[in-house]
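Visitor: I would like to go through this model residue by residue and then as a whole, with the reasoning spelled out. Could we begin once the sequence and structure are on display?

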Amino acid sequence: MLLEREDVRSDGRVRREIRALTGAGHDVVLLHRGPAAHGDGERLDGARLRSVEPRGRARRLLAALPGPALRAVRLVRYVAAAVRERPAAVHAHDVAMLPSGWAAARLARAALVYDTHEYAAGVPYHGRGARLAVRAVQRALVPRCAAV
């Protein structure tokens with residue numbers, strides 16, 4: 001189970017990981033926020049795609065939520081979708097997916113893999129508050145990962 005916060009089609013790193021995992025015989029499900037029209041049942045590089053974005057009116061209602069509420073609802077949608085798949089492992093792609101990945105792995109009794117891609121706390125486009133939040137999330141959750 002891979003968790004990706006955006007539409008995966010343009011992310012070469014994620015696609016290479018999918019090909020490596022499926023090539024090794026793993027059944028890979030990728031949860032992402034890509035368009036729901038591209039969602040359930042579609043395959044990409046051997047992985048089954050599942051969009052966590054709602055369709056129709058629910059999508060418009062979700063988009064109208066303020067930032068913190070929107071993030072909380074998306075976290076719950078990722079976790080619920082991941083738990084339904086009953087994964088052996090949950091792979092969180094970047095720090096934004098780490099809380100969802102941890103919750104999903106814990107509820108599904110799966111291993112958690114964190115792919116940080118870069119030193120997230122040091123990314124210059126984040127403000128001081130974001131850097132502190134990233135450090136806190138990593139400090140709390142990285143020790144709970146099966147692999148980083």
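Visitor: Is R57 buried or exposed in this model?
Guide: The model is a predicted one, and its values are computed from the atoms. R57 has its place in helix α2, which covers residues 56-63. The cut-off for an exposed residue is over 50% relative accessible area, and because R57 has a relative accessibility of 61%, R57 counts as exposed.

Visitor: How far apart in space are the C-alpha atoms of R57 and D45?
Guide: Along the chain, R57 and D45 are 12 residues apart. In space, the separation between the C-alpha atoms of R57 and D45 is 31 Å.

Visitor: Which strand holds L2, and is L2 buried or exposed?
Guide: L2 is found in strand β1, made up of residues 2-3. A residue is buried when its relative accessible area is under 20%, and since L2 has a relative accessible area of 1%, the residue of strand β1 asked about is buried.

Visitor: Which residues does L2 touch, if residues up to four places away in sequence are not counted?
Guide: One of the partners of L2 is V28, which is 26 residues away along the chain, with 7.2 Å between the two C-alpha atoms. With residues up to four places away in sequence left out, L2 touches I18, L21, V28, V29, L30, L31, H91 and H93.

Visitor: What is the C-alpha distance between H32 and A133?
Guide: H32 is found in strand β2, residues 29-32, and with a relative accessibility of 0% H32 counts as buried. H32 and A133 are 101 residues apart in sequence, and from C-alpha to C-alpha the distance is 22 Å.

Visitor: What is the phi of R86, and where does R86 lie?
Guide: Most residues other than glycine have a negative phi. R86 is not a glycine, although its phi is positive, and R86 is exposed, with a relative accessible area of 73%. R86 lies in the loop between α3 and β5 (89-93), and its phi is about 50°.

Visitor: In which loop does R109 lie, and what is its phi?
Guide: R109 counts as exposed at 79% relative accessibility. The residue lies in the loop between α4 and β6 (111-115). R109 is not a glycine, yet it has a positive phi, of about 55°.

Visitor: At roughly what angle do the axes of α3 and α4 cross?
Guide: Helix α3 spans residues 67-85 and helix α4 spans residues 98-108, and their axes come within 9 Å of each other. The crossing of α3 and α4 is right-handed, and the angle between the axes is roughly 35°.

Visitor: How many residues in the contact of α3 with α4 are nonpolar?
Guide: On the α3 side the contact is made by L75, Y78, V79, A82 and V83, which meet P99, S100, A103, A104, L107 and A108 in α4. Of the residues in this contact, no residue is charged and 1 is polar, while the number that are nonpolar is 10.

Visitor: How many helices and strands does the protein have, and why is it described as being as compact as a globular protein of its length?
Guide: The elements run β-α-β-β-β-α-α-β-α-β-α from the N terminus on, which comes to 5 helices and 6 strands. The globule rule gives 15 Å for 148 residues, so the protein is as compact as a globular protein of that length, with a radius of gyration of 15 Å.

Visitor: What percentage of the residues in the protein is buried?
Guide: The C-alpha atoms fill a box of roughly 40 × 40 × 30 Å along the principal axes. The accessible surface comes to about 8,200 Å², and 55% of that surface belongs to carbon and sulfur atoms. Of the 148 residues, the buried part makes up 40%.

Notes:
Residues numbered from 1 in each chain as written. Predicted model: local features only at pLDDT ≥ 70, side-chain atom pairs only at ≥ 80, totals over all residues. Heavy atoms only, no water. Axes fitted to C-alpha atoms, helices over the stretch in contact; angles between N-to-C directions. Helix = DSSP H or I, 4+ residues; strand = E, 2+ residues; numbered from the N terminus. Left-handed = near helix turned anticlockwise from the far one by under 90°. Contact = heavy atoms within 4.5 Å. Nonpolar A, V, L, I, M, F, W, Y, C, P; charged D, E, K, R; others polar. Rg over C-alpha atoms; globule rule 2.2 N^0.38 Å. Buried < 20%, exposed > 50% of the residue type's maximum accessible area, 1.4 Å probe, protein only. Areas by Shrake-Rupley, 256 points an atom, 1.4 Å probe, with all protein chains shown as cover.
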